[in-house]
Structure formats: C-alpha cells, structure tokens
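Let's walk through this one together, starting with how two helices sit against each other and then moving on to the aromatic rings.

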Amino acid sequence: MSAEQQPQPTGSFGRKRQAFRDWRGQRPFWGGLLTLLAGVPIMYIPYANLTIGSLTVRMATTAGAGSLIIGVLLVVLGLTMWFQPASRVFAGVAAILLALVSLVVSNFGAFLIGFLLGLIGGALGVSWAPGRPAQSADGPGEPDRAVGPVVATGPAPAGGPGSGNGLDSLSGTSPTNGTNGRHRAG
C-alpha cells in the first residue's frame, strides 16, 4: 500500500466518520465552530447570577438585550459558515465586527472569552479557501474539476493582444504606434 492510498473504513462508524471528515473539509468548520461558541458566553454572562455563599451577584448590564442579540447573531453566523460556505467572507467580517461591539455592550465581550473566540472564528472564516481540485486516477494530468479562478499558466499566443502588431485592444496603447494610452481632447 502506497502513501497515497487511504485504507477504506470498514463498519458504520468508520464510514460516518469519513463522511463527516469530507463534509468538514468543504467548509470553514473551525471558524464556524469558534464563532458559534463565541455567542454562548456573550449571551449567557449578562443574564447569569453568581452565588457566593448566601450572597447573589447579578451580572446584568443596561445593554442586556444588546448582548443577547449579539450572541444570537454570532451563533447564526457560525451556522452560516457551516451551511453556506459561499458567504463565509461576509459571515467572518460580520463576526469580527460583532465581537468588537461586544467589548462595549456585553461585559468586555463576556470577559474577553466571547470576544477572542469571535475574532479568531471570524478570521478563520474569512481566510478559509476551498482545497485543491482532486486529481484524476490517470495520473498527474489535468484535474477532474477546477475550483476557483482559472489562471493562465502558459505564455500568450503569438499575434494576440500586446504582441506589438498594432493597437492593443484592451488599452489603446502600442509600442509600434507611439501612443501611451493618453488621448488628446479636441
């Protein structure tokens, strides 16, 4: 067995684990999880009661409703990263902004726990990108499918735009006609 061949899982647990691993690899899983977890302390701590002996300390703030809204939005943004990976950049930026707002609104971002989880989760959501395309079994030829933008890897064909045989069709400049893209008015 070579290093490229993966042993096929046997049994129900192995197949489910492999299916979850494949699902997790197609989306910003850790960014979504951390963003989801950031919402929990931001929602909970402003409404929590701390009991020390017979003394009860209430952590409520004047912006309790705001912290509840921020926490719920962070949970929703974490789920959005999981189930709508195409909108991961929006969800990540929104999570970062909500985490920053939670510093002021929700007990210093729920004592910096939710704040840090939201910042890291949002950054992971923004920075995540789909993996490389799977190679066909024929060898190191063309990939089965392309993911992301297509980039030219070879030189441009001779006689095309920018080859010096007349006007460049994109900018109106050419080294042969002496223009540099500037136009005279009138």
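In this predicted model, helices α2 and α3 run roughly antiparallel to each other. That label follows from the packing angle of about 165°, because anything over 145 degrees counts as roughly antiparallel. Helix α2 covers residues 29–44 and helix α3 residues 64–83, and their axes are 7 Å apart. As for handedness, the crossing of α2 and α3 is left-handed.

So who does the touching? On the α2 side the contact includes Phe29, Gly31, Gly32, Leu36, Gly39 and Met43, while α3 brings in residues including Ser67, Gly71, Leu74, Gly78 and Trp82. Sort the residues of this α2–α3 contact by type and you get 15 nonpolar, 7 polar and no charged.

Now for the rings. Searching the whole structure turns up 8 aromatic pairs. One of them is Phe20 with Phe29, an edge-to-face pair with 5.6 Å centre to centre and 90° between the planes. The two partners sit in different surroundings: Phe20 is partly exposed at 39% relative accessibility, whereas Phe29 is buried at 10%.

Phe29 also pairs with Trp82, and here the rings are stacked, with 5.3 Å between centres and 5° between the planes. Since Phe29 belongs to helix α2 and Trp82 to helix α3, this pair ties together parts that are 53 residues apart in sequence. Trp82 counts as buried too, because its relative accessibility is 13% and the cut-off for buried is under 20%.

Step back, and these rings belong to one aromatic cluster, formed by Phe20, Trp23, Phe29, Trp30, Trp82 and Phe83.

Conventions:
Residues are numbered from 1 along each chain as its sequence is written. This is a predicted model: local features need pLDDT of at least 70, side-chain atom pairs count only at pLDDT 80 or more; totals for chains, interfaces and linings use all residues. Side-chain values use heavy atoms; hydrogens and water are left out. Axes are lines fitted to C-alpha atoms, for helices over the stretch in contact, and angles run from 0 to 180 degrees between N-to-C directions. Helices (H or I, at least four residues) and strands (E, at least two) are DSSP runs, numbered from the N terminus. Angles under 35 degrees count as roughly parallel, over 145 as roughly antiparallel, 65 to 115 as roughly perpendicular and the rest as oblique. A crossing is left-handed if the near helix is turned anticlockwise from the far one by less than a right angle, and right-handed if clockwise. Contact means heavy atoms within 4.5 Å. Ala, Val, Leu, Ile, Met, Phe, Trp, Tyr, Cys and Pro count as nonpolar, Asp, Glu, Lys and Arg as charged, and the others, Gly among them, as polar. Rings of Phe, Tyr and Trp (its six-membered ring) pair if their centres lie within 6.5 Å; planes under 30 degrees apart count as stacked, over 60 as edge-to-face and the rest as tilted. Buried means under 20% relative accessible area, exposed over 50%, partly exposed in between (1.4 Å probe, protein chains only).
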